[in-house]
Amino acid sequence: AVTPVLVGASQNHTIASQSRTSMDQLDFALMRITRLIKDAPAGESGGASIVRALPSQVAFEDGAELQQIGSTLWITLPGAAAAPLCVDVQHVEFHYLGADGETDVSADPAESRRMRIELQIGKSSLTTTVCLDQAGGS
């Protein structure tokens, strides 16, 4: 009679542990993504100097880049080789938004003033919005 309770408790502990690990990875990845975006050089129009704006990839004039390949999100720092930022990525999406935070400007990324990033690792997901008007490390 005690065995099912122990098995259930063990399973719940495993699920909670996996969830916490996923949330820790999400938190770290989103903090690193935010820093990369804020450190990107400012473009002529005041936002970040985005040279490639796709739903699963963003690249900046200085060579910094984020890209999902398979289930891995890769980060490239200026002058460095690409490195895995996080694995087991189920979904990543970059939204390029105007000054109002709602208008999609992905067709003209130079007009981006905000980026909303959606990231899902395993069954956990987080979304954040980064203001690009302060790009260039300001």
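## Sheets, cysteines and a pocket

Across the whole structure, which is a predicted model, a search for disulfides finds zero. Two cysteines are worth a look all the same. Cys-86 has a relative accessibility of 6%, so this residue counts as buried, the cut-off being under 20%. Cys-131 has a relative accessible area of 26% and is therefore partly exposed, since this value falls between 20% and 50%.

Now to the strands. Strands of a sheet pair through backbone hydrogen bonds, and the pairing can be parallel or antiparallel. Here, three strands make up an open sheet in the order β6-β7-β8, with antiparallel pairing. At its edges are β6 and β8 (124-131), each of which pairs on one side only. If you ignore direction, neighbouring strands of this sheet are turned by 10° against each other on average.

Within that sheet, β6 meets β7, and eight bridges hold this antiparallel pair. To find your place in the viewer, start at Val-89, which stands opposite Ile-121 in β7.

Elsewhere, β1 and β2 form a hairpin, with two residues between the strands. These two strands also run antiparallel, joined by four bridges. A handy landmark is Ala-53, whose bridge partner in β2 is Val-58.

The two strand pairs can be set out side by side:

| Strand pair | Sense | Bridges | A facing pair of residues |
|---|---|---|---|
| β6 and β7 (residues 114-121) | antiparallel | eight bridges | Val-89 and Ile-121 |
| β1 and β2 (residues 57-60) | antiparallel | four bridges | Ala-53 and Val-58 |

Next comes the empty space. Rolling a probe the size of a water molecule over the atoms shows where such space is left. The largest pocket has a volume of about 160 Å³. Two elements give two or more residues to the lining of this pocket: β1 (50-54) and β6 (89-97). Of the elements, β6 gives the most, with five residues.

How many residues line the largest pocket, and which lie nearest its centre? The lining has 13 residues, and those nearest the centre are Phe-94, His-95, Tyr-96, Asp-104 and Ser-106. Sorted by class, the lining holds six nonpolar residues, three polar ones and four charged ones.

Taken together, β6 is a good strand to follow through the model: β6 is an edge strand of the open sheet, and β6 also gives five residues to the lining of the largest pocket. Likewise, β1 belongs to the hairpin with β2 and gives two or more residues to that lining.

Technical notes. Residues numbered from 1 in each chain as written. Predicted model: local features only at pLDDT ≥ 70, side-chain atom pairs only at ≥ 80, totals over all residues. Heavy atoms only, no water. 1 Å grid on protein atoms, 1.4 Å probe; cavity = no way out; pocket = protein on both sides within 12 Å on 5 of 7 lines; lining within 4 Å. Points joined across faces, edges and corners; volume = space filled by probe spheres on them. Nonpolar A, V, L, I, M, F, W, Y, C, P; charged D, E, K, R; others polar. Pairing = 2+ DSSP bridges. Axes fitted to C-alpha atoms, helices over the stretch in contact; angles between N-to-C directions. Disulfide = S-S within 2.5 Å. Buried < 20%, exposed > 50% of the residue type's maximum accessible area, 1.4 Å probe, protein only.
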